[in-house]
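I set out to keep a short notebook on this structure. Each entry records what I looked up and what I found.

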Amino acid sequence: MVKQTYARYLLNLMDEEADSDEAVIEEAALYGYFQMYMPSGNGVEATFEPLEDGHAYLRRISRIYEMLDPADFTRGTVPAYFNGKGEEEASEDALRGYGEQFIRELKQLLDTFAKWERAAEAVAYLDGIEKIELLPPGKIDTVRESYDPDVYEALSEVIIEHKNDEEPIEILDEAYYSIACDYWISYYLQWHRYGLKGDPFAPYFELHRLGYSAVFSGEKLYIGT
């Protein structure tokens, strides 16, 4: 199945149609697509049925629905994004453990591309991380304003070089981003398509599932809500 045929298939699942048979459907047309199946995820399996490796994508996407609290969808307004329930009590040791694992696995990934300037700079930055700091509630956004770009730019470069824009799954790129407006969550959920070793964003997803974010800034990895 080619990309545009798959796009039309997805629009049909949304009970929408393209303007014409010749119209090119852009990724932006599917922004917010996965929210259609909130909160249970029932029916989302149809999304991947036309894909030969659809089971790999379904296995990952199912986890985002497990995060949701059905009670949040019984009120007048419903969540627009997939946010962790935050109901599980996470110890400081557990949070730092996820942070340490995240740093370690990112280094392993980026070391593979150390011949690339940005990847080498990111590895050097990660080597210089001196502390994982846990922040009080509501403080992570302040840190986000002064994030260090080295790791973010290197990861973006690696991902861009390891995806095929003509693959059918590419049409869902904006839909994946809109899940949490977080590229790293998007990378985790699409990891299968990149053909890269390891699973470096798994600890980041676990933090997100628990209601936490992680931000690199200065010589620290900050974790907070």
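**Entry 1. Leu11.**
I began with the contacts of Leu11 in this predicted model. Not counting residues up to four places away in sequence, Leu11 touches Glu16, Glu17, Ala18, Ile25 and Leu30. I located Leu11 in helix α1, which covers residues 3-13. I then asked whether Leu11 is buried or exposed. Its relative accessibility is 7%, so I entered Leu11 as buried, the limit being under 20%. For one of the contacts, Ile25, I also noted the spacing: Leu11 and Ile25 stand 14 residues apart in sequence, and their C-alpha atoms are 9.3 Å apart in space.

**Entry 2. The loop between α1 and α2.**
I next followed the chain into the loop between α1 and α2 (54-66), where Pro39 has its place. The peptide bond leading from Met38 to Pro39 is cis, and its omega is near -10°. Asp15 is found in the loop between α1 and α2 as well. I recorded a phi near 60° for Asp15, a positive value in a residue other than glycine. I set these values against the general rule: most residues other than glycine have a negative phi, and most peptide bonds are trans. Asp15 counts as exposed, because its relative accessibility is 73% and the limit is over 50%.

**Entry 3. The sheet.**
I turned to the strands and asked in what order they lie. I found an open sheet of 3 strands, ordered β1-β3-β2, with mixed pairing. β1 (131-134) and β2 (213-217) are the edge strands, each pairing on one side only. From one strand to the next, the twist averages 25°.

I then took the pairs in turn. As background, strands of a sheet pair through backbone hydrogen bonds, either parallel or antiparallel. β1 pairs with β3 (residues 220-224) in the parallel sense, over 4 bridges. In this sheet, Leu134 stands opposite Ile223 of β3. β2 and β3 run antiparallel and are joined by 5 bridges. Phe216 has Leu221 in β3 as its bridge partner. β2 and β3 also form a hairpin, with 2 residues between them. In that turn, Gly218 has a positive phi of about 60°.

I asked why β2 may be called largely enclosed by the rest of the structure. The reason is that 4 of the 5 residues of β2 are buried. I also looked for a helix against the sheet: α3 (residues 92-111) lies across β1, β2 and β3, and runs at about 140° to β1.

**Entry 4. The largest pocket.**
I looked up the largest pocket and noted a volume of about 570 Å³. Its lining consists of 22 residues, and those nearest the centre are Arg144, Cys181, Asp182, Tyr183 and Tyr204. I asked which elements each supply at least two residues of the lining. They include α5 (140-144), α6 (149-161), α8, α9 and β2. By type, the lining residues divide into 13 nonpolar, 7 polar and 2 charged.

I examined Cys181 separately. Cys181 lies in the loop between α7 and α8. Although Cys181 is not a glycine, its phi is positive, at about 50°. Its relative accessible area is 32%, so I listed Cys181 as partly exposed.

**Entry 5. Arg193 and Asp173.**
I closed with two residues in contact with one another. Arg193 has its place in the loop between α8 (183-189) and α9 (202-209). I entered Arg193 as buried because its relative accessibility is 8%. Leaving aside neighbours within four places in sequence, I found Arg193 in contact with Tyr57, His162, Lys163, Asn164, Glu167, Ile169, Glu170 and Asp173.

I then looked from the side of Asp173, which lies in helix α7 (residues 173-177). Asp173 touches Glu27, Lys163, Gln190 and Arg193, not counting residues up to four places away in sequence. Lys163 thus appears among the contacts of both Arg193 and Asp173. Asp173 has a relative accessible area of 19%; the limit is under 20%, so Asp173 is also entered as buried.

Note on methods: Residues numbered from 1 in each chain as written. Predicted model: local features only at pLDDT ≥ 70, side-chain atom pairs only at ≥ 80, totals over all residues. Heavy atoms only, no water. Buried < 20%, exposed > 50% of the residue type's maximum accessible area, 1.4 Å probe, protein only. Contact = heavy atoms within 4.5 Å. Pairing = 2+ DSSP bridges. Axes fitted to C-alpha atoms, helices over the stretch in contact; angles between N-to-C directions. 1 Å grid on protein atoms, 1.4 Å probe; cavity = no way out; pocket = protein on both sides within 12 Å on 5 of 7 lines; lining within 4 Å. Points joined across faces, edges and corners; volume = space filled by probe spheres on them. Nonpolar A, V, L, I, M, F, W, Y, C, P; charged D, E, K, R; others polar.
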